[in-house]
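Colleague: I would like us to take a close look at one part of this model, slowly enough for someone in their first year to follow.

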Amino acid sequence: MKPRKMKENIYWLGAIDWDRRLFDSLIPLPDGTSYNAYLIQGSEKTALVDSVDPPLRNELLTQLKEVTKIDYMISHHAEQDHSGTIPQVLSKFPNAKLITSTKAKGMLIDLLCISEESFKTVEDGESLSLGDKTLKFIHTPWVHWPETMATYLQEEKILFSCDFFGSHIATTDLYVTDEGRVYEAAKRYFAEIMMPFRNVIEKNLEKLKSYKIKMIAPSHGPIYSRPSFIMEAYRDWVLGSPKNRVALPYVSMHESTKQMVDYLVTVLVNRGVNVDLFNLAVTDIGKLATTLVDAGSIVVGTPTVLAGPHPLAAYGVFLANALRPKARFLSIIGSYGWGGKTVEILAGMIPNLKVEVIEPVLSKGLPAERDFRALDQLAETISNKHKNQGFK
Ligand code: FEO
């Protein structure tokens, strides 16, 4: 795709990755993604903001064929989907200075073997003049690596935010046209990579309050011409109370756990608690992560296999622990044949979750009457706790 004009002398460059279906060999990308770079031409100097993932480097290098000079290559984030083509950009423009945070400098040297002489590090709040345009660098650590920063173009009030506020969507829409679609994709993105850093993100959101922002240009997905849309969504995801919902990831082998899961869903719904159900054998793990942004409680359903939880249940719990959602309660339901340590093993896997563990319900084989009564009790406890916490 050709460079696309955003404003006078400001262009979107980059690549749309329509076919990509997995990020980090882990995260499903049902809608592909994009790697956005931006060209800012001032009256004296020209800056390129970020680059693209190496497999699509030719897209960017072709777009740069008609660019006669780059004085500054700005790298917001050392992860290779944005930094991976910087060595080729520097080869084409050997006099360009690579602008980064000090932390990013070390990481780019480690990850891409870029020579030390190429760098100019910038402090938080430092400005750089391009002539008639001024760039201000805002350190925004942990969105989602420690070195991340953003750039604010003062004259146009555009925030180039890199991963912060991004969404994995492959689209030819330069700007957000369907806020519902982008909300879902940005929430999934937040859940998968930003949620573990909620506390630091809160500080970054606070920091941005002092800037008048007319546009947010992220490094994935379309540009926000109505930035309040995504900033308010982030505030809700980061600071909002958990909701009156249970995330229920489960796996079942011979229907015993499934019968318990189905029963618990019914009795929770009867008590006014909504449930998001995920069969871990087939689910899109990104959907589960998205649900964890709001869930007030997590209930894990698993049979006992080889004396412990089913490996898929262990995977789901490991992921939930790593994502650090704001759920306040957790329980475990499931079945066993003759014994095991399912509850102890799962309970030992959630040190990051600030949850109260509610009495698990395990049935020996198919659930019997006493097990259904225990599930009634579990549903009532969850419902009462959600009410007491004021979850809506
Ligand atoms: Fe889009 Fe953290 O890279």
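Colleague: Which residue follows H4, and what is the sign of its phi? Please describe the helix itself as well.

Modeller: This is a predicted model, in which local features need pLDDT of at least 70 and side-chain atom pairs count only at pLDDT 80 or more, while totals for chains, interfaces and linings use all residues. Residues are numbered from 1 along each chain as its sequence is written, and side-chain values use heavy atoms, with hydrogens and water left out.

Helix H4 spans residues 102-112; helices here are DSSP runs of H or I with at least four residues, strands are runs of E with at least two, and both are numbered from the N terminus. The buried residues of H4 are Ala 104, Lys 105, Leu 108 and Leu 112, where buried means under 20% relative accessible area, exposed over 50%, and partly exposed in between, with a 1.4 Å probe and protein chains only. Because these buried residues cover an arc of only 105° around the axis, they lie on the same side of H4, the arc being that of the directions from the helix axis to the C-beta atoms. An α-helix has 3.6 residues a turn, so residues three or four places apart point the same way.

On the other side of H4, Lys 103 and Asp 110 are exposed. The cover over the buried residues includes helix H2 (80-83), helix H3 (86-92), strand E8 (97-100) and strand E9 (119-121), with contact meaning heavy atoms within 4.5 Å. As for your question, H4 is followed by Cys 113, whose phi is positive, near 55°.
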